Amino acid sequence: MTDRKRSLLFAAVLLLLAACMTAGCGKERSEAENGTSGENSFAQQEASGQTYEPWNYETLKEIPPEEIDFSGGSLLNTTDIKWLTMEAGATVDEIRFNWFSPSAKPGMIELTREDTGKTQYIEAECSPSVTREGYYVNKASVNGLEYGVLYTYRAGNDDAWSPEYSYQMPEDTGNNLTFLVTTDAQLGQSQTEDREITAVRWNDVLNKITSEVPEAQFLFHLGDQVSCFGSGRDYELFLDHKALYSIPLAPIVGNHDVPNIWSIEESGYPDGPYFHEHLNVPNLSELGQTQPGTGDGDYYFIRGNVLFLTLNNECASTSEHEQFVAQVTSEHPEVKWRILAQHYPAYSGVESATAAEDKDWIIALAADYDIDLVLTAHDHSYSRTGFLTREGVTLEGYEYETGSAAADPEGPFFVTCSTSSGCLYHWPVEREEFVFQGQPDTPMAMRIDVTDTELHLTAYLAESWTVYDEYTIQKS
C-alpha cells in the first residue's frame with residue numbers, strides 16, 4: 001500500500017470514528033439510511049409465532065409537537081421543581097431522589113405512610129448546578145422503608161414543592177426477586193418522528209410494563225436516557241412520566257448521556273456532569289468516571305441474593321472497571337447470583353456505522369469473576385449469546401433455543417436488549433457468537449425473575465406484551 005493510500009484510509013477511519021462517537025443529538029444511521037427493509041430475515045424472529053397490532057400514533061402527527069401530552073398526567077411541569085427522579089437504593093429498604101429547584105435553600109423529601117398517616121422529612125444535599133443555570137441540584141436518600149407499605153411523597157421546600165406521588169414498597173418475598181429491563185429510550189431522537197411522539201410511546205411502554213409486572217422491585221435503563229446529553233427538554237421527555245415516580249430507576253451511562261469532543265462541537269452544549277446532576281445512584285465509585293470529578297462512575301446494589309454491578313463504558317479504563325468488580329465481589333461473597341450491566345455489548349450485532357467494536361475484556365472479566373448474566377444495550381436490536389469462555393468461545397453441551405434451560409453452566413452469557421421507546425431501529429447482522437437474535441421493529445423490554453435456584457429471563461415485545469425470547473439458568 002502506498003503512503004497516499006495509507007493516508008486516505010487513515011482519514012476515512014477518522015471520519016467514521018467521528019460519526020460513531022457523536023453522542024449528542026441522535027446521529028445514528030436509521031434503517032432507511034442502511035438500505036434495509038423492515039422484514040427480518042432471521043428464523044428466530046418468528047419463534048413466538050404470534051402477531052400483534054402495533055399502537056397507532058398517526059393522529060399525533062396532526063398536533064403541534066409542543067402541544068402533545070407525553071407525560072401521562074404527571075403534572076411535574078406545573079411546578080418549579082424540575083427533572084425529578086427516583087432511583088433504586090443500595091438495598092431494598094432505600095430509595096433515592098434527585099431534583100432541580102430554583103431555591104438555594106436545601107430541599108427535602110416529605111414522606112407519609114398511608115396506613116398510619118405518619119410523616120417524616122428527609123433533608124437533601126443541595127448544591128448549585130453547573131449544567132442548568134439558575135438551578136440547584138438536590139439529592140436525598142430515604143432509608144428504613146417497610147415491606148408492603150404504601151407511601152406518598154413530594155420533593156421541595158417552602159419555596160416550591162413537586163406534586164405528590166405514591167410508592168408501593170414490594171412485599172417481602174425473601175430472596176425471590178423480579179425486576180424490569182429497558183434501554184435506549186434516547187428521548188430527543190428525531191430522525192424518524194417528532195421527539196414528542198417518541199415520548200408518548202415511551203410513556204405507553206412504561207405504563208404497559210409496570211401494569212403487567214406490578215411486583216417488579218426496580219427498572220433498569222441500560223443507557224442512552226436522552227439523545228442530546230445537554231438538552232433539558234430531552235430529560236423532560238425521558239423523566240416526566242407518572243410511571244417513573246412509582247418504580248425506582250437504575251440508570252446506566254450511555255454514549256448519548258455524556259459529552260465528548262464531537263458532541264460538544266455539534267450540540268453547542270458545554271462539558272459537564274449531566275448524568276450525575278440528573279440521577280442519584282447508590283454506592284457510587286470513583287472508579288469508572290468519564291472524567292475525574294464527573295460523579296458518573298461504576299456503582300452497585302444488592303437485592304435479595306443478587307449482586308448488581310453497573311459499569312460506565314464511557315470510561316475507557318478497563319483496569320478501573322476490573323478493580324471495581326474485584327473489590328465489590330470480594331466484599332460480598334455471600335450472594336448467589338452476580339449480574340453485570342453496561343451500555344455496550346460485548347459483540348456488536350448490527351451493521352450500523354455506530355456499532356461498537358468487540359470488547360474481549362468484558363468477556364474475560366465476566367468469566368474471571370463468576371458473572372452469571374451480562375445485560376447490555378446500544379445496538380437497538382436484540383441478541384443473546386451462549387455461555388462463553390474467557391476467550392469468547394461458546395461452550396457446547398447446552399440447549400440454547402428459546403425456552404430452554406441450562407443447569408449449572410460454566411460461563412457467563414450476554415443479552416442485548418433493543419430500544420424500549422422505538423426511537424430508532426438498527427438492522428442486525430448474523431454472528432456465530434449469537435444463539436438468538438433479531439429485530440422485531442417494536443419497542444422491547446425484559447422481565448427477569450430470580451430465586452435461590454433459578455434465573456429466568458423473558459424478553460417481550462412491549463406493546464403487546466408477547467414473549468419474544470426466554471431462557472433459564474438453574475443453580476444447584
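A residue is called buried here if its relative accessible area is under 20%, exposed if over 50%, and partly exposed in between.

**Figure 1. The whole chain of this predicted model, before we zoom in.** By that yardstick, buried residues make up 60% of the 476 residues in the protein chain. The chain has seven helices and 23 strands to find your way around. If you look at contacts with a separation of 6 or more, 72% of them come from residues 24 or more positions apart. The accessible surface adds up to about 18,800 Å², and carbon and sulfur atoms account for 47% of that.

**Figure 2. A sheet of seven strands, left open.** Reading across, you meet the strands in the order β13-β14-β15-β16-β19-β17-β20, and the pairing is mixed. The edges belong to β13 (299-303) and β20 (434-438); each has a single partner strand, so one side of each is left without a neighbour in the sheet. Neighbouring strands of this sheet are turned against each other by 15° on average, direction ignored. At the β13 edge, β13 and β14 (residues 306-310) run antiparallel and are joined by five bridges. To spot the pairing residue by residue, start at Y299, whose bridge partner in β14 is T310.

**Figure 3. Helices lying across the sheet strands.** Helix α6 (residues 318-331) lies across β13, β14 and β15 (337-341), and runs at about 165° to β14. Helix α7 (residues 360-368) lies across β15, β16 (373-376) and β19 (413-416). The angle between α7 and β19 is about 130°.

**Figure 4. T385 and its surroundings in strand β17.** Strand β17 covers residues 382-385, and T385 is part of it. Is T385 buried or exposed? With a relative accessibility of 2%, T385 counts as buried, because the cut-off for buried is under 20%. Setting aside neighbours within four places in sequence, T385 touches Y347, F413, F414, E433, F434 and V435. One of these, E433, also has a salt bridge with R431, at 3.1 Å from N to O. Both E433 and R431 are buried.

**Figure 5. Aromatic rings meeting edge-to-face.** The structure holds 29 aromatic pairs. In the pair F100 and Y135, the ring centres are 6.4 Å apart and the planes sit at 80°, so this is an edge-to-face pair. The pair links distant parts of the chain, 35 residues apart: F100 is in strand β2 (residues 95-101), while Y135 is in the loop between β5 (125-128) and β6 (136-142). F100 is buried, at 0% relative accessibility, whereas Y135, at 22%, counts as partly exposed. Now move to F218 and F301, whose ring centres are 5.1 Å apart with planes at 90°, so they too are edge-to-face. This pair also links distant parts of the chain, 83 residues apart, with F218 in the loop between α2 (195-212) and β11 (219-221) and F301 in strand β13. Both rings' residues, F218 and F301, are buried.

**Figure 6. The aromatic cluster around F218 and F301.** Which residues do ring pairs link into a cluster? They are F179, F218, F220, Y299, F301 and F308. You have met Y299 already, as the bridge partner of T310.

**Figure 7. Helix α3, largely enclosed by the rest of the structure.** Six of the eight residues of α3 (residues 232-239) are buried, and therefore the helix is largely enclosed. The buried ones are G232, D234, Y235, L237, F238 and L239. They pack against β1 (82-88), α2, β11, β12 (249-251) and α5 (274-278). Have a look at D234 in particular: besides being buried, D234 belongs to a network of salt bridges that also links R195, E196, R233 and E236.

**Figure 8. Salt bridges at E58 and R113.** The structure holds 18 salt bridges. E58 and K61 meet through their side chains, at 3.0 Å from N to O. E58 is partly exposed, with a relative accessible area of 46%. R113 pairs with D115, and here the closest N and O atoms are 2.6 Å apart. R113 counts as buried, at 16% relative accessibility.

Key:
Residues are numbered from 1 along each chain as its sequence is written. This is a predicted model: local features need pLDDT of at least 70, side-chain atom pairs count only at pLDDT 80 or more; totals for chains, interfaces and linings use all residues. Side-chain values use heavy atoms; hydrogens and water are left out. Helices (H or I, at least four residues) and strands (E, at least two) are DSSP runs, numbered from the N terminus. Buried means under 20% relative accessible area, exposed over 50%, partly exposed in between (1.4 Å probe, protein chains only). Contact means heavy atoms within 4.5 Å. Accessible areas come from the Shrake-Rupley method with a 1.4 Å probe; for residues, only the protein chains shown count as cover. A salt bridge is a side-chain nitrogen of Lys or Arg within 4 Å of a carboxyl oxygen of Asp or Glu. Two strands pair if DSSP finds at least two bridges between them. Axes are lines fitted to C-alpha atoms, for helices over the stretch in contact, and angles run from 0 to 180 degrees between N-to-C directions. Rings of Phe, Tyr and Trp (its six-membered ring) pair if their centres lie within 6.5 Å; planes under 30 degrees apart count as stacked, over 60 as edge-to-face and the rest as tilted.
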